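Colleague: I would like a close look at a single part of this model. Please take it step by step, for a first-year student.

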Amino acid sequence: MSATAVWVRRYGAMIRNAWLVDLQYRAAILLWILWGVTEPAIALGIWWGVAGTGSVAGYARADFARYFFAMMLVNQLTIAWDSWYLDRWIREGELNYRMARPLHPAHEAVADNLAYKARSGSVILAVWLLVAIFWPAVRLPAEPGRWAL
């Protein structure tokens, strides 16, 4: 078995483990995702009202809608809990036994992060797609020039 295949298996196992551990905290994760949707939605409502029927600095209401929906997804995909994990591991003495494992603790943190991003990003993306069905303002334009960036 190649070294790449070994690492893929290791990360697959760690991501599955992180996913199952996080399932124990469904309510907390639901609250985090709700806040990830609510905060930009409130800002969108404010800017939607400011724009009224016109535009603000050349941005129309639909531009604000697409921006804040994209912000929801980007926020979920760029957040990292690693500093909180490391802090807890140090304070509670968990870093000791993690350092004794065959894998560096950073790999566990990366796997936890990937599992969280896959779960929360997919929920935000599903919400965006569902809203886009009923609200055309959040649909992304299919202009090739915009996607080339």
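In which helix is the place of Val50? And what lies around that part, on the surface and in the core?

Modeller: The model is predicted. Val50 has its place in helix α2, which covers residues 26-51. On the surface, Val50 joins Ile42, Ile46 and Trp47 in making a nonpolar patch of about 380 Å².

Now the core. The largest nonpolar core has 15 residues, and those touching the most other members are Leu44, Phe64, Ala65, Phe69, Ile124, Trp128 and Val138. Helix α2 is among the elements that give two or more residues to this core, together with α3 (61-78) and α6 (105-134). The most comes from α3, which gives six residues. In soluble globular proteins, nonpolar side chains tend to be buried together.

Aromatic rings come next. Phe69 and Trp128 also belong to one aromatic cluster, with Trp48 and Trp135. The count of aromatic pairs is eight. One pair is Tyr67 with Phe68: the ring centres are 4.9 Å apart and the planes stand at 80°, over the 60 degrees needed, so this pair is edge-to-face. The two residues of that pair can be described by their accessibility. Phe68 is buried, at 6% relative accessibility, whereas Tyr67 is partly exposed, with a relative accessible area of 49%.

Two other rings have a charged partner. Arg10 lies over the face of Trp7, 4.7 Å from the ring centre. Over the ring of Trp19 sits the charged end of Arg119, at 5.3 Å from the centre.

Notes. Residues numbered from 1 in each chain as written. Predicted model: local features only at pLDDT ≥ 70, side-chain atom pairs only at ≥ 80, totals over all residues. Heavy atoms only, no water. Phe/Tyr/Trp six-rings, centres within 6.5 Å; stacked < 30°, edge-to-face > 60°. Buried < 20%, exposed > 50% of the residue type's maximum accessible area, 1.4 Å probe, protein only. Lys NZ or Arg CZ within 6 Å of the ring centre and 35° of its normal. Patch = residues over 30% accessible without salt bridge, like charges linked within 9 Å, V, L, I, M, F, W, Y side chains within 5 Å. Areas by Shrake-Rupley, 256 points an atom, 1.4 Å probe, with all protein chains shown as cover. Salt bridge = Lys/Arg side-chain N within 4 Å of Asp/Glu carboxyl O. Helix = DSSP H or I, 4+ residues; strand = E, 2+ residues; numbered from the N terminus. Core = buried A, V, L, I, M, F, W, Y, C linked by side-chain atoms within 4.5 Å.
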